[in-house]
Amino acid sequence: MTLPSTTSGTSTEPDDYLERRKLRRGSAGWLLLTGLGVAYVVSGDYSGWNFGLAEGGFGGLAIAMVLMGTMYACMVLALAELSSILPTAGGGYGFARRALGPWGGFLTGTAILIEYVLAPAAIAIFIGDYVESLGLFGLESGWPVYLACFVVFIGIHLWGVGEALRFSFVVTGIAVAALLVFALAALPDFDASALDDIPVDSEAFGASSWLPMGLLGIWAAFPFGMWFFLGVEGVPLAAEETKEPARTLPRAIRWSMGILVALALITFFTAAGARGSSAVMDAGNPLVEALQPDGEPTTLSRIVNYAGLAGLVASFFSLIYAGSRQLFALSRAGYLPKFLSLTSRRKAPWLGLLVPGAIGFALAASTGNGARMLNIAVFGATISYALMSLSHIVLRRREPELPRPYRTPGGIATSAVALVLACAALVATFLVDVTAAFIALAVYLVALAYFGLYSRKHLVAKAPEEEFAALAAAEAELSRD
């Protein structure tokens, strides 16, 4: 009997193909990975989430945060199981490849890539704004600052993954510590009556002081509720560089999510309650605004301002890592041009770092519109969330006997909740920025055309994710015989 083909087409590669595409094994334990999960997200605690107050008011954003937190919690529990089954650099692409086939794998991987290429470009702009507002070295926000960000931090990644993750861990620790300091400083000024001080739109359906924009405001606030957690799903992308990934990844994913939930609650309530929702809803640095009731900088507000810059650096740095690993996996398997997955002497995917970095810098320098790029990133993220949750459901139903070192509490009911909420969040992106949603959709369609017309006929069967899918197909045929 011959093994069934699970790809639309395969290509014959030289014997040293995978040898030239190897990452450094065993570079990270669960603690560094937990730090990585928090690093992806921590900048969202310092800015961005507060714009959701303008969409839904305090009550609308609070409900959106709870619903989106539920979506992420359910999804990461599903990802913990999937990463214990298939611990490769492909992450979401690899999970969907096994469950949904080559098209499903490419759809998921491309959506993740959109998120991890656009988000660093947006954050580079925010870093420039912080550098300018702090008066650092007399610099103004613009392309020289963006270029410095990409050159310096991609350089650290090229140095080696262990060094990169340790750098990220230290910077993230500074940002998290400053959030706790902010909360302690703002708590004495907390006033519950300040939470719902946004004027009510009397024409909105269901409007009240807690829901000033009505019930629809809850839905419109979904993308901003996501900013407290956006990116944590990238932890599995470190699988091939992790010690004992089947045990380490689920632990790191769960710890990351737990820490992020705590930080989200602390940040949201103390910032809005200390100064008032109306005062912080349009601020570029809401935590600093909350500590300056008279508009005059204080020693503490300056410390938090510098820590906000550290948080942005941590997220920028870690998102570059995630994007390079997703690009590496898709390229290694032939979904994208194969030269992009070549690794250096230090086992870093150098083109996988430089090419997205060049694209990100070009977008930041040419547009200067960080908010729009983040909205495009959110669009890609929500598509990937839906497909990864669906992959968990499909594998649970189709392959119930598949060895699972970690099992998601609640099983498919948990991933079904994530799937429904991810679809709702996807629709919400059109409510917030329809232009960004259509730009992301256009990029998606171009990528799908490339896959349909070319790369699906040139997939690499020996890539780990493709081998895993081929094994599943062979086992299924044997069971039928």
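Me: In this predicted model, which residue has its backbone nitrogen 3.1 Å from a polar atom of the side chain of Glu465?
Reply: Glu465 is in helix α17, which covers residues 464–480. Among the residues in contact with Glu465, leaving aside neighbours within four places in sequence, are Thr88, Ala89 and Gly90. The backbone nitrogen that lies 3.1 Å from a polar atom of the Glu465 side chain is that of Gly90.

Me: Is Glu465 buried or exposed?
Reply: The relative accessible area of Glu465 is 0%. Buried means under 20% relative accessible area. Glu465 is therefore buried.

Me: How many residues apart are Phe58 and Phe269?
Reply: Phe58 and Phe269 form an aromatic pair, with 5.6 Å from centre to centre. Phe58 is in helix α3 (residues 51–85), and Phe269 is in helix α9 (residues 245–275). The pair links distant parts of the chain, and its members are apart by 211 residues.

Me: Is Phe269 buried or partly exposed?
Reply: Its partner Phe58 counts as buried, at 5% relative accessibility. For Phe269, the relative accessible area is 34%. A value under 20% counts as buried and one over 50% as exposed, with partly exposed in between. Phe269 is therefore partly exposed.

Me: Why is the pair of Tyr450 and Tyr454 tilted?
Reply: The ring centres of Tyr450 and Tyr454 are 5.8 Å apart. Planes under 30 degrees apart count as stacked and those over 60 as edge-to-face, while the rest are tilted. The pair of Tyr450 and Tyr454 is tilted because its planes stand at 40 degrees.

How values were computed. Residues numbered from 1 in each chain as written. Predicted model: local features only at pLDDT ≥ 70, side-chain atom pairs only at ≥ 80, totals over all residues. Heavy atoms only, no water. Helix = DSSP H or I, 4+ residues; strand = E, 2+ residues; numbered from the N terminus. Buried < 20%, exposed > 50% of the residue type's maximum accessible area, 1.4 Å probe, protein only. Polar contact = N/O pair within 3.5 Å; in protein donor to acceptor, adjacent residues only side chain to side chain. Contact = heavy atoms within 4.5 Å. Phe/Tyr/Trp six-rings, centres within 6.5 Å; stacked < 30°, edge-to-face > 60°.
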